[in-house]
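Here is a short tour of one model, written to be read with the viewer open. Take a look at the sequence and the coordinates, then follow along.

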Amino acid sequence: MAQLGAQSGAQSRPGNGRKTRIVMKFGGTSVANIERINAVAARVKREVDAGHEVAVVVSAMSGHTNQLVAWCSEISPMHDAREYDTVVASGEQVTAGLTAIALQTLGVNARSWLGWQMPMLTNDAHGKARIMSIDAEGFEKRFAQGQVAVVAGFQGIGPDNRITTLGRGGSDTSAVALAAALKADRCDIFTDVDGVYTTDPRIVAKARKLDKVTYEEMLEMASLGAKVLQIRSVEMAMKHGVRVQVLSSFEDKPGTLVVNEDEIMEQELVSGIAYSRDEAKITLVAVPDRPGVAASIFGPLSDANINVDMIVQNVSEDGKNTDMTFTVSKGDFERAKQVLTGKQNSLNFRTLISDSNVVKVSVIGVGMRSHAGIAQRMFRALAEKGINIQVISTSEIKISVLVAEEYTELAVRALHTAYGLDAE
């Protein structure tokens, strides 16, 4: 049984002259109806006819999971998470069966697999389960027989033999995990975009598609608003050395490879500009400036499962009081304010100021490690457009700023041009 140890990807599968092994994952828009499922089957058949060993991972048909979630909430807003998983996992089961039938109709030897049949073992965190191991032996035997495995993504089986789901977008994680367990040469993620771009093409017409991007850059892009790949799938690909390719389901053209940094010969200074509208800013005014004050503020938020992102503490002039500014997701905004307001007496801050009309804009690139002046270029470009920076945070390959939401498109365009990312 594959335990998904680090660096268990394609490089460790021995044998010269062996067949190329590919995991192909198709998202909801790719399997939205019978016509699209037939198109998916035809695409898979091409790989089979080329002599490749293929496993297919499918999502639920577009909109189907939303309907299942709505039904659960309609019956009971406080529903049993285990039964919720039983219901919402059924969408992928339908798609897997239909895709197998479509392949068989084309003369391809195929069968469907559900999470419990592999099995894909997870922990018991229903609704957001983590994959613990995958038993790949059954697939090896089927590959030897020339059979295509069609796997229901997003689902697994917990320690209590109950169906679990991996969270929204979990089919990406299913596919990468399966690719790691099978030591596949590549994991192809088919979606409604044809690759990873330097920024959102809907905002910047001159955005360029990247031929290759590093795991670290893709991870930052995914966490900062780019919705091409689920964050957990990128983390898993980086951990296990799985080469991931993002491709369009609707166009037959090259995509973007997500790979190790050493596979990219000439690394650009900056690879992309990302933005996230899912930000809200909270400032606690006149907080006592003493040791432990940050823990007393962020401890209750952590206890309420509220994630805090950008944090700035002002220097107090009198040594007595300071202001603390931080961001949370818009989904946690009201709850965060409620938690903090309820503890105002013990935290002893003067007032709480909040603003949900903000956006986080980020510059990302592994080339930033070895070059100076990246931040200065960002600040100058924004200043020239009259955009005020409210909060700044940095990491080794990223600089993020918080600005007023009304400046989102202007900021993204200005930075895209400033770093020479515009297509000619």
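Is Thr408 buried or exposed? Thr408 counts as buried, because its relative accessibility is 1% and the cut-off for buried is under 20%. This residue belongs to helix α13, which covers residues 408-418. Leaving aside residues up to four places away in sequence, Thr408 touches Tyr275, Arg277 and Val359.

**Confidence**

Please keep in mind that this is a predicted model. The protein chain has an average pLDDT of 89, and 93% of the residues score at least 70. Residues 5-11 are a stretch where the pLDDT is below 50, although this stretch has 20 contacts in the model beyond near neighbours in sequence. Where pLDDT is low, the predicted coordinates should not be read in detail.

**Aromatic pairs**

The structure holds 3 aromatic pairs, and two of them are worth opening in your viewer. A pair of aromatic rings is described by the distance of the centres and the angle of the planes. The table gives both values for each of these pairs.

| Pair | Distance of centres | Angle of planes | Arrangement |
|---|---|---|---|
| Phe26 and Phe190 | 4.6 Å | 10 degrees | stacked |
| Phe298 and Phe326 | 5.1 Å | 80 degrees | edge-to-face |

Phe26 and Phe190 are stacked because their planes stand at 10 degrees, and planes under 30 degrees apart count as stacked. The pair links distant parts of the chain, with Phe26 in strand β1 (residues 21-26) and Phe190 in strand β9 (residues 186-191), 164 residues apart. Phe26 is buried at a relative accessible area of 1%, and Phe190 is buried at 3%.

For Phe298 and Phe326, the planes are at 80 degrees, so the pair is edge-to-face. Here, too, distant parts of the chain are linked: Phe298 sits in helix α9 (residues 293-303) and Phe326 in strand β15 (residues 321-328), 28 residues apart. Phe298 counts as buried with 16% relative accessibility, and Phe326 counts as buried with 0%.

**A pair of helices**

Now turn to helix α3 (residues 81-88) and helix α4 (residues 90-105), whose axes come within 4 Å and cross at roughly 25 degrees. That angle makes α3 roughly parallel to α4, because angles under 35 degrees count that way. On the α3 side of the contact are Thr86, Val87 and Val88, and they meet Ser90, Gly91 and Glu92 in α4. By type, the residues of this contact divide into 2 nonpolar, 3 polar and 1 charged.

Key: Residues numbered from 1 in each chain as written. Predicted model: local features only at pLDDT ≥ 70, side-chain atom pairs only at ≥ 80, totals over all residues. Heavy atoms only, no water. Axes fitted to C-alpha atoms, helices over the stretch in contact; angles between N-to-C directions. Helix = DSSP H or I, 4+ residues; strand = E, 2+ residues; numbered from the N terminus. Parallel < 35°, antiparallel > 145°, perpendicular 65-115°, else oblique. Contact = heavy atoms within 4.5 Å. Nonpolar A, V, L, I, M, F, W, Y, C, P; charged D, E, K, R; others polar. pLDDT = per-residue confidence, 0-100. Phe/Tyr/Trp six-rings, centres within 6.5 Å; stacked < 30°, edge-to-face > 60°. Buried < 20%, exposed > 50% of the residue type's maximum accessible area, 1.4 Å probe, protein only.
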